[in-house]
Amino acid sequence: MKPVEEHLAECLAAVTVLPATDVELEEALGCLLDEDVVAAVDLPSFDNSAMDGYAVRVPDVASAAPGHPVRLPVTGDVPAGSAAQLELAPGTAIRIMTGAPLPAGTEAVVPVEWTDRGTQTVEITQAPAEGAYLRPAGEDVARGEVVLRRGVRIGPRQIGLLAAVGRATVRVHPRPRVAVLSTGSELVPPGQSLGPGQIHDSNGYAIAAAARELGADARHVGLVADDADSFLAALEAELAGADLIVTTGGVSAGAYDTVKEVLSRVGGVVFEKVAMQPGMPQGFGHVGAAGVPIFTLPGNPVSSMVSFEVFVRPVLRRLFGETDLHRPTLTARAGVAWSSPAGKKQFVRARLTRPLAADAPVVTPVGGQGSHLVADLAEAECLAVVPADVTQVQPGDELTCMLLDGPRR
Ligand code: AMP
Ligand code: MG
């Protein structure tokens with residue numbers, strides 16, 4: 001049996017970051033930037049008002065105080081978006097809105113709250129400081145400045161900045177397109193009633209969701225019967241549009257294990273026993289002329305999900321261009337005793353508690369550990385990792401736990 005680390009290392013060595021490409025801004029979320037973004041404009045790009053109020057010259061309103069208002073004639077009105085080139089004459093005020101361009105000669109903006117809101121003349125009851133409520137051009141970003149560096153992960157705030165400097169497209173490593181195929185003649189989609197011997201496909205949904213949570217463009221492309229021709233046809237249909245294919249089911253030692261049968265014949269995929277529980281039967285390789293990487297995960301729902309966490313997730317992160325590939329972990333102490341198979345790394349669905357005065361969190365398995373127990377899997381918040389050489393976990397033993405929840409980090 002192959003150690004988990006060795007299988008993972010081989011999978012990782014077989015993939016590299018997807019080549020960079022220009023994408024529309026809307027497509028860039030979650031991608032790593034592959035350029036230094038230089039601002040083509042100043043931000044703000046013109047001097048403008050930070051408040052709704054009145055543009056004034058400071059000496060004209062220096063004596064304004066509650067009970068002693070200064071009255072000025074209002075000689076103009078500037079809404080946001082105005083292209084008018086106004087000039088503020090001494091001894092006058094111009095009404096102005098937030099974001100509107102400042103009339104030439106403006107020294108401060110008096111917020112509307114300090115006035116009687118007049119439109120012909122305005123009474124001002126508080127004196128602004130020089131420069132008050134002005135937003136000078138270039139205050140935020142100077143034209144020519146690098147606003148985002150290569151390698152930054154693009155989130156909502158970075159998308160906002162790119163839009164603000166006028167970028168409609170940006171060069172990124174694109175989001176991997178992941179095709180998920182559920183194989184098994186017993187499978188029917190949720191929403192359809194079950195006939196004798198049938199079960200609802202859950203892997204396809206779980207795996208596609210897990211890939212999507214990582215930011216991938218994941219498609220659950222449906223159900224494939226345990227029949228060589230159907231499987232080959234379904235696989236071929238996905239080759240052109242996928243950067244990664246993930247199948248579940250059909251890779252154990254039984255009859256009708258079509259995925260293994262077909263891909264062993266076609267070549268390019270290596271099937272092996274990996275020293276882990278759950279998830280022992282694993283396949284990884286490349287298919288089609290373009291050599292699309294493919295994971296063939298075991299069919300049991302817990303096995304497929306654990307396999308995703310241990311092998312697929314790091315590979316997907318690498319396709320994105322990330323260098324930090326793994327789930328965050330913490331060290332916890334076992335809350336109870338349990339046994340672990342000799343020679344296999346065990347990934348135990350578990351929950352964490354943090355008792356007051358304890359030196360470390362306490363990890364306790366949830367429910368049974370059968371690979372078909374999806375309710376327990378949904379309950380779990382971590383996978384407690386028991387090393388391959390440990391056969392018995394004792395209360396108080398220290399274990400590394402992979403934290404499952406939370407979006408990609
Ligand atoms: P297999 O690896 O194809 O032998 O499947 C192992 C077990 O997992 C069997 O009990 C299957 O019915 C179950 N299984 C396979 N695929 C799925 C799926 N997509 N959703 C839920 N259970 C599945
Ligand atoms: Mg099957």
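This passage describes a five-stranded sheet and a pair of packed helices in a predicted model.

The sheet is open and built from five strands. Their order is S8-S5-S7-S6-S9, and the pairing is mixed. The edge positions are held by strand S8 (108-111) and strand S9 (121-124). Each of these has a single partner strand, so one side of each lacks a neighbour in the sheet. From one strand to the next, the twist averages 40 degrees.

Within this sheet, strand S6 spans residues 70-78 and strand S7 spans residues 93-96. The two run parallel and are joined by three bridges. Valine 74 stands opposite alanine 93, a residue of S7.

The helix pair consists of H4 (residues 228-239) and H5 (residues 258-266). Two packed helices are described by the angle between their axes and by the distance between those axes. For H4 and H5, the angle is about 70 degrees, and the axes lie 10 Å apart. An angle of 65 to 115 degrees counts as roughly perpendicular. H4 and H5 are therefore roughly perpendicular to each other. Their crossing is right-handed.

On the H4 side, the contact is made by Ala228, Phe231, Leu232 and Leu235. H5 contributes Thr258, Val259, Val262, Leu263, Arg265 and Val266. By class, the residues of this contact divide into eight nonpolar, one polar and one charged.

Notes:
Residues are numbered from 1 along each chain as its sequence is written. Chains are lettered from A and ligands numbered from 1 in the order in which they are written. This is a predicted model: local features need pLDDT of at least 70, side-chain atom pairs count only at pLDDT 80 or more; totals for chains, interfaces and linings use all residues. Side-chain values use heavy atoms; hydrogens and water are left out. Axes are lines fitted to C-alpha atoms, for helices over the stretch in contact, and angles run from 0 to 180 degrees between N-to-C directions. Helices (H or I, at least four residues) and strands (E, at least two) are DSSP runs, numbered from the N terminus. Angles under 35 degrees count as roughly parallel, over 145 as roughly antiparallel, 65 to 115 as roughly perpendicular and the rest as oblique. A crossing is left-handed if the near helix is turned anticlockwise from the far one by less than a right angle, and right-handed if clockwise. Contact means heavy atoms within 4.5 Å. Ala, Val, Leu, Ile, Met, Phe, Trp, Tyr, Cys and Pro count as nonpolar, Asp, Glu, Lys and Arg as charged, and the others, Gly among them, as polar. Two strands pair if DSSP finds at least two bridges between them.
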